[in-house]
There are 2 protein chains.
Amino acid sequence: MDKTRAVRVIEIKQNVFAKNEINADKIRTQLKKEKTFMVNLMASPGAGKTSVLMRTIQTLGNEMKIGVMEADIDATVDAETIASSGTKAIQLHTGGMCHMDAEMTKQGLDEIGAADFDLLFLENVGNLVCPAEFDTGASVNVAILSVPEGDDKPLKYPLMFQVSDLVLINKIDAKVIFDFDDEAVAERIHKRNPNAEVIFLSAKTGEGFEKWCDWLWRHVTDWNSAE
Amino acid sequence: MDKTRAVRVIEIKQNVFAKNEINADKIRTQLKKEKTFMVNLMASPGAGKTSVLMRTIQTLGNEMKIGVMEADIDATVDAETIASSGTKAIQLHTGGMCHMDAEMTKQGLDEIGAADFDLLFLENVGNLVCPAEFDTGASVNVAILSVPEGDDKPLKYPLMFQVSDLVLINKIDAKVIFDFDDEAVAERIHKRNPNAEVIFLSAKTGEGFEKWCDWLWRHVTDWNSAE
């Protein structure tokens with residue numbers, strides 16, 4: 001009886017994934033045409049997604065048009081925080097879902113008007129597991145891991161680090177009270193994904209933001225210039 | 001077409017939940033008979049589940065028989081850490097799943113030999129969303145929220161706080177560098193669940209552990225004495 005249920009669930013999951021891939025590719029084609037670079041930003045709850053966005057907007061907001069889609073189970077605090085910076089932000093509620101998929105992302109893109117932006121952030125639901133399973137149609141996946149969470153997380157949440165093009169190690173100012181091994185975390189990330197880039201920063205002090213904003217600038221430029 | 005898919009998915013989910021409730025109740029009946037109190041410990045990645053367990057074992061390990069079931073997507077680091085204290089620990093791999101359900105928990109209970117323990121911890125997958133949806137058959141649900149994650153988390157992950165009998169606010173020693181409002185977090189938790197207890201502690205310094213271990217002692221005693 002257990003076997004039957006397992007097979008049934010897996011079948012449906014595969015259908016959902018296959019349909020999601022098609023929707024995600026459609027989104028990427030559209031974004032390419034509209035010259036909008038979209039970052040799918042993923043992390044644990046409280047790793048600092050919104051704080052990283054706030055400082056990124058401060059740094060790059062005068063140089064390119066930035067928009068933010070905040071995905072949460074509930075509440076609107078993050079969208080309100082972003083909007084307070086004068087940046088266009090919308091709040092998406094996932095209806096209890098632990099992740100964003102391409103179809104849900106499409107609703108957000110239509111709502112915010114994706115074509116109006118050079119750089120669009122999708123702040124995914126705070127979760128190191130489920131969001132990694134669903135292609136949202138974003139140009140790149142960026143994961144944030146914060147120092148207080150510990151340097152062992154790539155061992156325990158392998159898919160998140162496997163699918164991420166860049167990992168930001170945030171809250172490096174917290175190293176004064178937390179043990180965290182920079183080399184070990186980079187090695188563990190590269191074991192999951194040898195091509196992943198790793199940037200150490202602090203949304204509080206601004207350390208490392210030049211590197212991260214250069215990375216964004218380069219990727220936005222490449223995306224918009226490529227045919 | 002979307003409607004059809006949505007209805008289909010929900011139906012299956014309801015079947016899964018209904019079956020899970022039955023399995024969870026069976027587990028609780030069995031644990032009651034065996035006089036084993038089981039705690040389902042849930043939190044974000046890196047909130048300090050394993051560190052809290054280590055200090056709890058140090059404090060109560062001589063007074064009662066404690067066992068630990070570690071659930072992770074991958075890796076065995078947590079079970080190895082616990083086992084290093086001389087406590088019996090087993091590692092459960094969820095096969096990519098973002099949570100533990102009652103059936104998976106039952107496999108763990110059979111493996112560790114639940115009847116041998118007074119107090120059994122199930123350290124759930126690090127995730128503030130999915131684990132809250134599934135009754136594991138535990139005697140109580142305990143959530144850990146750590147200071148670096150921020151005091152706004154009960155707003156954004158309502159179900160986790162709704163289903164938790166007790167919330168441990170961990171890493172209070174980190175308040176030297178992180179803003180965190182004790183009153184606001186307690187108010188937000190109680191908005192989700194007026195009956196939830198809240199204990200502030202630090203697995204690093206030991207502050208607050210007397211209160212938490214008293215809570216455990218009282219609940220283990222009640223569970224084992226009730227008919």
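Trainee: Is Pro194(B) buried or exposed?
Mentor: Pro194(B) is exposed, because its relative accessible area is 64%. Exposed means over 50% relative accessible area, buried means under 20%, and partly exposed lies in between, with a 1.4 Å probe and protein chains only. The model is predicted, so local features need pLDDT of at least 70 and side-chain atom pairs count only at pLDDT 80 or more, while totals for chains, interfaces and linings use all residues. Residues are numbered from 1 along each chain as its sequence is written, chains are lettered from A and ligands numbered from 1 in the order in which they are written, and side-chain values use heavy atoms, with hydrogens and water left out.

Trainee: Where does Pro194(B) lie?
Mentor: Pro194(B) lies in the loop of chain B between helix H7 (182-192) and strand E7 (197-200). Helices (H or I, at least four residues) and strands (E, at least two) are DSSP runs, numbered from the N terminus. The C-alpha atoms of Pro194(B) and Asp165(B) are separated by 9.8 Å, and these residues are 29 residues apart along the chain.

Trainee: Turning to the two chains, how can chain A be laid on chain B?
Mentor: A turn of 180° with a shift of 0.0 Å along the axis lays chain A on chain B, with an RMSD of 0.0 Å. The two copies are thus related as by a two-fold rotation axis. The superposition is by least squares on the C-alpha atoms of residues with pLDDT of at least 70 in both copies.

Trainee: Through what surface do the copies meet?
Mentor: The copies meet through the same surface, because 100% of the interface residues of chain A are also interface residues in chain B.

Trainee: Which residues does Lys156(B) touch?
Mentor: Leaving aside residues up to four places away in sequence, Lys156(B) touches Asp72(A), Ile73(A), Asp74(A), Ala75(A), Val77(A) and Asp78(A). Contact here means heavy atoms within 4.5 Å. The side chains of Lys156(B) and Asp78(A) are joined by a polar contact of 2.8 Å. A polar contact is a pair of N or O atoms within 3.5 Å; within protein, one must be able to donate a hydrogen and the other to accept it, and residues adjacent in sequence count only if both atoms are side-chain atoms.

Trainee: And is Lys156(B) buried or exposed?
Mentor: Lys156(B) counts as buried, at 6% relative accessibility. Lys156(B) is part of helix H5 (residues 153-156) of chain B.

Trainee: Different topic: at what angle do H2 and H8 of chain A pack?
Mentor: Helix H2 (residues 49-60) of chain A packs with H8(A) at an angle of about 70°, and their axes are 11 Å apart. H2(A) and H8(A) are therefore roughly perpendicular to each other. Axes are lines fitted to C-alpha atoms, for helices over the stretch in contact, and angles run from 0 to 180 degrees between N-to-C directions. Angles of 65 to 115 degrees count as roughly perpendicular, those under 35 as roughly parallel, those over 145 as roughly antiparallel and the rest as oblique.

Trainee: Which residues meet there?
Mentor: From H2(A), Val52(A), Arg55(A), Thr56(A), Thr59(A) and Leu60(A) meet Phe209(A), Trp212(A), Cys213(A), Leu216(A) and Trp217(A) of H8(A). By class, this contact of H2(A) with H8(A) has seven nonpolar, two polar and one charged residues. Ala, Val, Leu, Ile, Met, Phe, Trp, Tyr, Cys and Pro count as nonpolar, Asp, Glu, Lys and Arg as charged, and the others, Gly among them, as polar.

Trainee: What about H7(A), which residues are buried?
Mentor: Ala184(A), Val185(A), Ala186(A) and Ile189(A) are buried in H7(A). The buried residues of H7(A) pack against strand E5 (140-146), helix H5 (153-156), helix H6 (158-162), E6 and strand E7 (197-200) of chain A. At the start of H7(A), a side-chain oxygen of Asp181(A) comes to within 3.1 Å of the backbone nitrogen of Glu183(A).

Trainee: What is the phi of Lys171(A)?
Mentor: Lys171(A) has a positive phi of about 65°, although it is not a glycine. Most residues other than glycine have a negative phi. Lys171(A) sits in the loop between strand E6 (166-170) and helix H7 (182-192) of chain A, and Lys171(A) counts as buried at 10% relative accessibility.

Trainee: And the phi of Ala75(B), what is that?
Mentor: Phi of Ala75(B) is near 75°, also a positive value in a residue other than glycine. Ala75(B) is in the loop between strand E2 (66-72) and helix H3 (77-83) of chain B. With a relative accessible area of 14%, Ala75(B) is buried.
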